[in-house]
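Me: I would like a close look at one part of this protein, the place where its nonpolar side chains gather inside. Could you take me through it slowly and then show how it sits within the rest of the chain?

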Amino acid sequence: AGLPLASANLEAALSGTLDAPGLVLKASVPGIVLDAAQPDARLDVASSWTLAVRSLLSEPSVTADATVNLGGPFVRKAMSANQAAKNGKEGERSGEVPIRLHVEASETAETLRVKALRVESEWLALAGDASLETATGKLAAALRLDMPSLRRLAQFPPVAALLTDSPFRELAGTVGLKADVRRDDASSPFAGTLSLKLADMRWGLAPLQDTVGETASLGASFSAQPESGSASVSDLTLKAGQISGKGNASTDGKKLDAALSLALSSLKGIAPSLSGPLELKLRASGPLLSPGGELTLASPHLGVETATLEGLRVRLNTPSVGAAGGKGTLDVSATLRDASIKALQAGAPLRFSTEWQFAADRFSLHKTKLDAPGIALSGTLDALPAKRRLDGGFRLAVTDCPRLPACPWMVPQRLPTCLFRRPKRSSLPRIGRSARSVPVRFFPCAPSRAIFGWMTCSASRGSACPPPLGTAPRPISAGGAARSTCPD
């Protein structure tokens, strides 16, 4: 009861001698219903197993062969008529997908050996071997996995169902994976290498195709000592189209030390409006569950539409990050250049910095400063989601409106600048109380350098938010004040 099958059959035949027995098994499970909503999409499984043993009573060796045939409507609906006919080889029925298994293993007083392990189907070919010296614990093993057609794998009904609404439903290409593991003795760490290669890839996404390309490779060496909990990954290398990378990591079970660097030779493949290279570096060290780290993004010239950020450097630093929270700093620096804006043709400095901190009940930004062409911003912010509170305040000074690339959103083009006198310090609200932005009325002004005061002031919970910039202004309230020095 509750099983998605109607019947199952098993046949067994034993032959040979006690020292060298042979076993033949045949099993079939027809009409497996994988989806109750589609009772007609059944899966049929039929298998035959042959097991031959030699010298069972002393130093036995075993050879096993098996064939598993997958058929039924569930499989055939994903196969074209031509494909189903091609699969109908001698001893196989058309419209079925065979999976073949072969194993050769032997055991002596000193060694347990798997001479051959093979699994073959139209989706993958797996091959491997291994040997273990039982007295010393010396181990050597190798494994190879080949996927000759990701396209066929993507068309197999269970996989196709997962990719129905995914852009990867047109995925195609080949995959090759190699791994080997060795151990000198029972007290030595496990060590090995891993390599992955992709070829003739079709990703189904234009940005991914242009960036990662048709070929990719990943390689690494690793070691592990289960008794002590130590492990390491070294010589990590990645090459995929316009992406390259390298890295390493190690842990003794208590501390972590890791480094990773990735380089993208061009951003244009991600979006036509972007250009230039980008490099990412990550460094992490400290306690395993709460390490500190530094993330750096850098580009000598990163283009966005007509603008270019020269010498871009983004640095995120944290002494510790864990389940309880973390804190650190964020610094951004660059030179902004835009040929379409006269004031920025020669370039202007762009700087941003803040100290951040987060925990289960709070997120904070302190000592936040932004110095950009024509504007200066500073302030602090404390968010308490559980209490639905937002405390803090910011000051925005527009020091040179014509230098602002986005000046029209602040002032109509016919009013290129505005001039405000900031209120006296005594009239400003105290930073740290629950605060909301205060709208400021715009007045026509003659073109000149300007200072614009954007204040936050105290407001009780449940107060209505003032309208955003661009809507009809209303008088300042809640303790804020601003006064125009322009003529009426």
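Reply: Leaving aside neighbours within four places in sequence, L312 is in contact (heavy atoms within 4.5 Å) with L297, A298, S299, L302, V332, S333 and A334. Please keep in mind that this is a predicted model, in which local features need pLDDT of at least 70 and side-chain atom pairs count only at pLDDT 80 or more, while totals for chains, interfaces and linings use all residues. Residues are numbered from 1 along each chain as its sequence is written, and side-chain values use heavy atoms, with hydrogens and water left out.

L312 belongs to the largest nonpolar core, which has twelve residues in all: L264, L267, L302, A307, L309, L312, V314, A334, L336, I341, L344 and A348. Such a core is a set of buried Ala, Val, Leu, Ile, Met, Phe, Trp, Tyr and Cys residues joined through side-chain atoms within 4.5 Å, where buried means under 20% relative accessible area, exposed over 50% and partly exposed in between (1.4 Å probe, protein chains only). Two strands, β18 (307–322) and β19 (325–338), are the elements that give two or more residues to this core, and β18 supplies the largest share, four residues. Helices (H or I, at least four residues) and strands (E, at least two) are DSSP runs, numbered from the N terminus. In soluble globular proteins, nonpolar side chains tend to be buried together. Apart from this core lies another, of ten residues, and L150, L171, V175 and A216 are among them.

To place these cores in the whole, the protein has five helices and 27 strands, and 30% of its 488 residues count as buried. Of the contacts between residues at least 6 apart in sequence, 44% join residues at least 24 apart.

Not every buried residue is nonpolar, and N69, found in strand β4, counts as buried because its relative accessibility is 14%. Setting aside residues up to four places away in sequence, N69 touches D44, V45, A46, E96, V97 and P98.

Charged residues can be followed in a similar way through salt bridges (a side-chain nitrogen of Lys or Arg within 4 Å of a carboxyl oxygen of Asp or Glu), and by this rule there are 13 of them. Side chains of opposite charge can pair when their charged atoms come close. D382 forms one with R362, the closest N and O atoms being 3.3 Å apart; because D382 lies in strand β22 (residues 375–384) and R362 in strand β21 (residues 362–372), the pair ties together parts that are 20 residues apart in sequence. Here D382 is buried, at 12% relative accessibility, whereas R362 is partly exposed, at 35%.

Another salt bridge joins the side chains of E227 and R183 (3.3 Å, N to O), and it links distant parts of the chain, since E227 is in the loop between β11 (216–225) and β12 (230–240) while R183 is in strand β9 (residues 172–183), 44 residues apart. E227 is exposed, with a relative accessible area of 58%, but R183 is buried, with 11%. The side chains of R182 and D180 also meet in a salt bridge (3.2 Å, N to O), in which R182 is partly exposed at 41% and D180 counts as partly exposed at 25%.
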